[in-house]
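Take a look at the structure below. The paragraphs after it walk through its parts.

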Amino acid sequence: MGWWDRVSSPSRRTRRLPPRALLGVAVVLTALAIPLFVGDRFWLNLLTLSWINLVAVLGLVLLFGHANQISFGHAAFVGIGAYVSGLATMELGVSLLVSVPLAMAVGWVVGYALARPVLRLHGLALAMATLALGELFFIVFRELSITGGANGLPGISPLVFGPLDLTAPEGAYWGTLAVALATAVLCHNVIRSRVGRCLRAIGSAPTAATVSGIDAASYKAAIFAFSTSLAALSGALYAHYVTFISSDSFGLPLSILLVIMVVVGGVRSLWGAAAATVGLTILPGYLGGYGEYSGLIYGALLVLVFMYLSGGVAGLVETVNQELTRLSVPKRPQRSTPAETR
Amino acid sequence: MTEALEVRGLTVRFGGLEALGGVSFAVADGAITALIGPNGAGKTTCLNVLSGLQKPTAGAVRYRGRDVTALAPHRRQYLGRTFQIVAPFDGMTVEENIQVGIEARGRIGLGRAALRVGRRRRERRSRERAAALIERMNLAPVASRLVETLPLGHQRLVEFGRALAQDPELLLLDEAASGLSGGEMEELAGQVLRCRDEGRTVVLIEHNMRFVTRLADHLLVLDRGNLLYDGATEAGLTDPAVKAAYLGSTNGAA
Amino acid sequence: MDLQFLIQNGVTGIANGAVYALIALGFTLTYNASRVANFAQGQFVVLGGLIAITLVEAGAPLLVGAAASVIAVSVIAGVVYLATIGRVPESDPFRRIMVTLGIALAAEAALQIIWGTEARRLPPFTGDQPVDLFGAAIAPQALWVIAGAIVAMIVLNWFFRGTRTGQAMLAVSEDREGAGLLGIRVAWMSVLAFVLGAGLAAVAGVMVSPISSTVYFHGLPLTVAAFAAAVVGGFGNPVGAVVGGLALGLLQAFSVAWLPSGISDAAPFAALIAFLILRPRGLVGSRVLT
């Protein structure tokens, strides 16, 4: 009786898809193998950017999808990570082995400091407060001379972690994929743990959660800081991957894009978020950049997703799954899974 | 008879409205107390103050001699509560809902959770304790169902179980029988009596007078923020002032 | 700091404030009566300006172009509402917000595609000659803006007090269920309120175009300014929207004068956060955020 059984009889009675773990492993192996089949730098680059984005998106899944704390300002923390790590390597001459963890630490601290006052707000107020916060940081990035502002900061150290040189396209791909996978594993662990349950409790019924003994303010601050440190990690990786950053990259459009990726993915789902992130990073690249039309497409996407598909990719998959189960099983699948199968 | 809960001069004002005006009472240890009154009498407000969700404008709440008036809700480990409009944790199963009640307290442990430190042991213990409670609430057949898919009666039981999961000395129930069928009400009454047998103190807000007479030995009647009656249940329900308060309002129960 | 400086920036501030007040007023009216926080409000402002500019450049007289623009924006807003926001249940405010956000994004892109990236202006209503006020040089358009805002508020006041539709809308804002029980068609009031908010935004767009020009990307900062004005004044409170708008306009005018140029952009955002966290009920008081 091991993890195998638990995985093959998940708490929701859907049995059409093969055990999710198998499918997951297959997907991960495919992702790892891609550079062996695809030599085209163009595609490798897009996928690498997807993994970099995914790191930030996964944190947001926990914060927004599970704990239900909306943030329209996460681009600020991506920017913090990019500038801290970039500048640390340039000005202080430290290696990425120091600067990247430093960036994450700064992301955590700033996030935690802001979380306590800001997360006392809910709903529209929280949305606007985080939006304003993001814009404030955007202006700071733009105006500070040390960041180079909109003109940018060229010559950032490339993706070299001590002896590990990841500057080649394949190296960068595998390196960022590894980071994204590690992040996904951490997030998955949190989701399946008691912390995850408490976060979802806070997200679905905050008053009841408080009365049940959950220190909501502390939980929210902790998960916010967790997500901002991941955003900072994402920013740091981005900076060293492209070796040139400009404050233009870290504004509201990025914040909104991150939220879109979470929502289109199905809000609570890590897999859905991954699919949405890859799709929404690659598609613009494939279409040669949408140019002016990108806003139109993202906007329309947002509208349609929220009007009709509030479950996102994961919800869609779940619906399809349930439909297949319903159609294939003649009798009502009535199986309780109390302590016996766990 | 020792006093578990003591409330003195409790006043709650919102803007221009006075929800509670200088209410004082005591609840005996191990007793079942019913808090009744017409709609808008301030009953839920009272419970909110007792659970720490509402800060009183004036007055004090003492639990076993300790002043808990300003204590944050999540720190009231002695207390468990259900809500008038049932508030289970949607998106989670019955089992997970109960688990939250068990696991909520203590350090967050984000790092430990992310790294799966000690996870197997903790999960097993959490599930075992949850299973016991689910068994007790007769919810075993639906333990793995998402709580929002259950009918109201089951949801109220889940909420009850979640409150019980904190092993509370004091249980606050806000219209826990509201919307339940006769059989479900019986079930609930049985659960409440069992709590009393375990030595827990219960305060329940109720509109259903049969429920009240069946369970409560102590009656508190609120009307428009004032305490109208404080004493034995039977006498209270036949008290003329109490009757007048109910008949005078649009809600004429009893 | 002399009188001239004060008057100069004061009038600029009040003129900016008048614009913010109008936009915030539209936002507030929409929110109160249709329970929609319209993230696309700023885009309606820009659209109003751009349509008027196009008509005037095609030869229409200023007043005709302005009026036609306001009507056009109102109609477009109504159609958009019925097609999208109106179909998302009120019980899910987050979904509604995200839909308006999507509309804002799409609208901004559409504005860029149709009208391009260069800034355009409506010609000032009565020319460019600065008016002398106690030694300070005031652009006449600023005075038009202030006058226009006052007129708009007078008209609104008449609408809400003196017409049945307006009173119905007020009733819906105060008590949705009660109004429904009285036989008021709440759903139609929601559409109307949305249209009204957009119309006000268009008026603001027409009036401010000669001063600050009109470009596709002005939308979002205006939306944030509207929201900031509403919060600072008192969210959900029409008087608050006006007071907040004026306060924000003054804040902006004086911070431009005192702070290095780019940083003054931060003023509305800083004010918004400060008030949300420290004084959510705003300057005048709010029933929504206490």
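Start in chain B with helix α6 (residues 182-197), which lies across β3, β7 and β8 of chain B. Helix α6 of chain B runs at about 150 degrees to β8(B). Helices (H or I, at least four residues) and strands (E, at least two) are DSSP runs, numbered from the N terminus. Axes are lines fitted to C-alpha atoms, for helices over the stretch in contact, and angles run from 0 to 180 degrees between N-to-C directions.

This is a predicted model: local features need pLDDT of at least 70, side-chain atom pairs count only at pLDDT 80 or more, and totals for chains, interfaces and linings use all residues. Residues are numbered from 1 along each chain as its sequence is written, while chains are lettered from A and ligands numbered from 1 in the order in which they are written.

Now the sheet. It is open, has six strands, and follows the order β6-β7-β8-β3-β9-β10 (chain B) with mixed pairing. Two strands pair if DSSP finds at least two bridges between them. At the edges sit β6 (79-81) and β10 (226-232) of chain B, each paired on one side only. β6(B) pairs with β7 (residues 170-174) of chain B in the parallel sense, over three bridges. Within this pair, Arg81(B) has Leu172(B) as its bridge partner. Helix α1 (residues 43-51) of chain B also packs on the sheet, and its direction makes about 150 degrees with that of β7(B).

Turn to chain A. Its secondary structure comes to 14 helices and two strands. Where do the chains meet? The contact (C-beta atoms, placed from the backbone, within 7 Å) takes 31 residues from chain A and 39 residues from chain B. Elements giving two or more residues to chain B's side are α2 (94-103), α3 (110-114) and α4 (119-136) of chain B.

Methods. Contact = placed C-beta atoms within 7 Å.
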